[in-house]
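Me: I am new to this structure and would like a close look at a single part of it, followed by a careful account of how that part fits with the rest. Please take your time over the answer.

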Amino acid sequence: MSGAGHFSEEKPSNARTWVRQIHRWLSIAFTVTVVVTSVALAQEQPVVWVSYVPLLPLALLLLTGLYLFVLPYVTQWRNGRRSVVAPE
Ligand code: HEM
């Protein structure tokens, strides 16, 4: 399937790919819940409990997002690299 297949036992790229996909789909779910919340609160009699619904996908986004954020640094640290990678 993917062309370049060389050994790299230190890269947890599978976990990373999974978490990235989950983060991506959670972002869609989160956006939908925010839109639904806006509609629910705009009613004459606002459905207030709906405004708590986005907190669940947001919490999961935070966890998966922090994982994605920290992972490159952990990988670098594990590999014993001391050079600083300039973020773009
Ligand atoms: C709550 C705290 C969040 C943290 C800490 C976080 C962190 C991150 C990190 C570190 C990345 C990877 C960036 C990279 O290395 O290229 C990422 C990607 C991304 N984030 Fe978040 N994020 C958060 C919330 C959100 C929210 C609220 C949304 C949208 C509703 C969002 C949408 C995305 C998308 C679409 C990507 C690209 C995913 C991909 O490349 O497939 N994130 N985020």
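Does Val 35 count as buried or exposed, and why?

Reply: Before turning to the residue, please keep in mind that this is a predicted model. Val 35 has its place in helix 1, and because it has 11 C-beta neighbours inside 10 Å, it counts as exposed; the cut-off that decides this is 12 or fewer such neighbours for an exposed residue, whereas a buried one needs 20 or more. Across the sequence, Val 35 is 19 residues away from Pro 54, and the C-alpha atoms of the two are 9.5 Å apart in space.

The setting of the whole chain helps here. The chain has two helices and zero strands, and of its 88 residues, 2% are buried. When contacts between residues at least 6 apart in sequence are considered, 65% of them join residues that are at least 24 apart.

The two helices can be described together. The axes of helix 1 and helix 2 come within 9 Å and cross at roughly 150°, and the crossing in which helix 1 passes helix 2 is left-handed. On the side of helix 1, the residues that meet helix 2 include Val 19, Ile 22, Leu 26 and Phe 30, while those of helix 2 that take part include Leu 58, Leu 61, Leu 68 and Leu 71. By kind, the residues of this contact divide into 12 nonpolar, five polar and two charged.

Two further residues can be set beside Val 35. Leu 63, which is found in helix 2, has 14 other C-beta atoms within 10 Å and is therefore partly exposed; its C-alpha atom is separated by 9.7 Å from that of Val 19, although the two residues are 44 apart along the chain. Pro 46 lies in the loop between helix 1 and helix 2, and with 13 other C-beta atoms within 10 Å, Pro 46 is partly exposed too. Once its neighbours within four places in sequence are left aside, Pro 46 is in contact with Ala 40 and Leu 41.

The helices also take part in the surroundings of the ligand. There are 13 residues around the ligand, of which Ser 27, Leu 62, Gly 65, Leu 68 and Phe 69 come nearest. Helix 1, residues 13-41, and helix 2, residues 55-78, are the elements that give two or more residues to this shell, and helix 2 gives the most, with seven residues. The shell divides into seven nonpolar, four polar and two charged residues. Ser 27, Gly 65 and Leu 68 are also among the residues through which the two helices meet.

Finally, a word on confidence is in order. The mean pLDDT of the chain is 85, and 77% of its residues reach 70 or more. Over residues 1-9, however, the pLDDT is below 50, and this stretch has zero contacts in the model beyond near neighbours in sequence. Where pLDDT is low, predicted coordinates should not be read in detail.

Technical notes:
Residues numbered from 1 in each chain as written. Predicted model: local features only at pLDDT ≥ 70, side-chain atom pairs only at ≥ 80, totals over all residues. Helix = DSSP H or I, 4+ residues; strand = E, 2+ residues; numbered from the N terminus. Contact = placed C-beta atoms within 7 Å. Near = placed C-beta within 6 Å. Nonpolar A, V, L, I, M, F, W, Y, C, P; charged D, E, K, R; others polar. pLDDT = per-residue confidence, 0-100. Axes fitted to C-alpha atoms, helices over the stretch in contact; angles between N-to-C directions. Left-handed = near helix turned anticlockwise from the far one by under 90°.
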